[in-house]
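Hi there,

Here is the structure I promised to pass on to you. Please open it next to this email, and then read on for what turned up in it.

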Amino acid sequence: MTRRPVDTGAPDRLYTVTGGRSRADDSFDLVTLVVAECGPTAGMQSEHVRILDLCRHPTAVVELAAELALPITVVRILLGDLLATGSITARHPRLGQTAASHPDTALLQEVLHGLRNL
Amino acid sequence: MDSATSDPTASAATHTAAEALAPSGRTPLTDAAETGLKIVVVGGFGVGKTTLVRSVSEIRPLNTEEVMTQAGVGVDETGSVTAKTTTTVAFDFGRISLNERMVLYLFGAPGQERFWFLWDRLFSGTLGAVVLVDTRRMDDSWYAIDRLEHHRTPFVVAVNRFDDDTARHSLDEIRLALALPDQVPLVDCDARVRTSGKNVLVTLVDHLYKLALAQESAS
């Protein structure tokens, strides 16, 4: 696989995309599944349009970042915008972002079952 | 999907398969998908992380990056970094739909130092990790194992057997060399082979299951 650099050494580009913001919505995990609740509207920022297009089916944050060729933090910021306007919903992972939450045996059994059936 | 691929045949095959499913060339998840899970593969450069991810993934591995800009500099543990530094960490990932509702993401993450300060932000809530080892460059694995223990992330160690590895150290020798505790599973694998990669993942989740079982019966 050939690497396609996301950071082209032009951070200005990323600040333009986010309107100068660098703090992201922390609630979006790498594997949070995002679903569009509506189509793009006129005058919407092109990155927002692309996200809504990609999220017609559930799509993980990390897949959005790869498809948009944008760093994770930038995608989180954009998703925060869409969440605030109700344009998307988010299906967060059951395992929280704290180290304290361990997977239970029922969940792991389901994962094992899925892997063995590959 | 980007057109930059080193393997034209694989690209053509992916394209044909994906064409029927999504106009963008992506293979979407089912609409019932609700739970995302993570497993991280760590190891030194060239040890075969992407190869392992590719062999078990249902999509061609994608790559993405996280950039630490000035807003996050305080999190950097290196101490020598001055303000306004930008650090970029790239990682590959693949995907396995376990059933209609659950989807497992596999991340190939670099083992080097600058990556680990992003661990909590990127990989908290991960089920566990696979440390991929090349016996010709065992030193690369030390640091990864040390950091995983520090982050209390359960892991297994998989030795990627390269064809041109003439030494063929036994698993016992490798366990000793890595000072690996007995309870940490250690397995051979060929990262190129799907059944072998699958076996590594099953070994990890089986290990996690036993840990969870012990914890549940203790509480």
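Below is a short tour, going from chain B as a whole to a few of its parts, then to the contact between the chains, and finally to chain A and two unusual backbone spots.

One thing to keep in mind from the start is that this is a predicted model.

**Chain B in outline**

Chain B holds six helices and seven strands. Read from the N terminus, its elements follow the order α-β-α-β-β-β-α-β-α-β-α-β-α. Of the 219 residues in chain B, 39% are buried. Sequence-distant contacts are well represented: taking the contacts in chain B between residues at least 6 apart in sequence, 72% join residues at least 24 apart.

**Strands around β4(B)**

A good place to begin is β4 (102-110) of chain B, where eight of the nine residues are buried. β4(B) pairs with β1(B) in the parallel sense, over nine bridges. Within that pairing, B:Gly43 has B:Pro110 as its bridge partner. β4(B) also pairs with β3(B), this time antiparallel, through six bridges. Here B:Ile96 is matched with B:Leu104 in β4(B). β3(B) and β4(B) make a hairpin, and four residues lie between them. As background, strands of a sheet pair through backbone hydrogen bonds, either parallel or antiparallel.

**Helix α2(B) and its surroundings**

Next, have a look at α2(B), which spans residues 49-56. How many of its eight residues are buried? The count is eight of eight, and the buried residues include B:Lys49 and B:Arg54 as well as B:Leu52 and B:Val53. They pack against β1, β3, β4, β5 (128-133) and α6 of chain B.

The packing against α6(B) can be described further. Two packed helices are described by the angle between their axes and the distance between the axes. For α2(B) and α6(B), the axes come within 8 Å and cross at roughly 100°. An angle from 65 to 115 degrees counts as roughly perpendicular, so α2(B) and α6(B) are roughly perpendicular to each other. On the α2(B) side, B:Leu52, B:Ser55 and B:Val56 take part, and they meet B:Arg194, B:Gly197, B:Lys198 and B:Leu201 of α6(B). Sorted by class, this contact has three nonpolar, two polar and two charged residues.

**The core and the contact between the chains**

The largest nonpolar core has 79 residues. Those with the most contacts inside it come from both chains: A:Val61, B:Val41, B:Tyr105, B:Leu106, B:Val130 and B:Val131. To see the surroundings of one of them, try B:Val131: leaving aside its neighbours within four places in sequence, it is in contact with B:Val42, B:Gly43, B:Ser141, B:Ala144, B:Ile145, B:Leu148, B:Phe155 and B:Val157.

Where the chains meet, 49 residues of chain B and 46 residues of chain A take part. On the chain B side, β1 (35-43), β2 (62-68), β3 (87-97), β4 (102-110) and α6 (194-218) each supply at least two residues. Which of these elements gives the most? That is α6(B), with 11 residues. The side of chain B that touches chain A is made up of 25 nonpolar, 14 polar and 10 charged residues.

**A sheet in chain A**

Chain A has an open sheet of three strands, in the order β2-β1-β3, with antiparallel pairing. Its edge strands are β2 (59-60) and β3 (88-91), each pairing on one side only. Between β1(A), residues 33-36, and β3(A) there are four bridges in the antiparallel sense. One of the residue pairs is A:Val34 with A:Ala90 in β3(A).

**Two alanines with positive phi**

Most residues other than glycine have a negative phi, and most peptide bonds are trans. Two spots are worth a look with that in mind. A:Ala69 has a phi near 55° and sits in the loop between α3 (61-68) and α4 (72-84) of chain A. B:Ala179 also has a positive phi, of about 55°, and lies in the loop between α5 (171-177) and β7 (186-189) of chain B.

Are these two alanines buried or exposed? A:Ala69 has 15 other C-beta atoms within 10 Å, so it is partly exposed. B:Ala179 has 8 C-beta neighbours inside 10 Å and therefore counts as exposed.

Enjoy exploring it!

Best wishes

Notes. Residues are numbered from 1 along each chain as its sequence is written. Chains are lettered from A and ligands numbered from 1 in the order in which they are written. This is a predicted model: local features need pLDDT of at least 70, side-chain atom pairs count only at pLDDT 80 or more; totals for chains, interfaces and linings use all residues. A nonpolar core is a set of buried Ala, Val, Leu, Ile, Met, Phe, Trp, Tyr and Cys residues joined through C-beta atoms within 7 Å. A residue is buried if 20 or more other C-beta atoms lie within 10 Å of its own, exposed if 12 or fewer, and partly exposed in between; C-beta atoms are placed from the backbone. Two residues are in contact if their C-beta atoms, placed from the backbone, lie within 7 Å. Ala, Val, Leu, Ile, Met, Phe, Trp, Tyr, Cys and Pro count as nonpolar, Asp, Glu, Lys and Arg as charged, and the others, Gly among them, as polar. Axes are lines fitted to C-alpha atoms, for helices over the stretch in contact, and angles run from 0 to 180 degrees between N-to-C directions. Angles under 35 degrees count as roughly parallel, over 145 as roughly antiparallel, 65 to 115 as roughly perpendicular and the rest as oblique. Two strands pair if DSSP finds at least two bridges between them.
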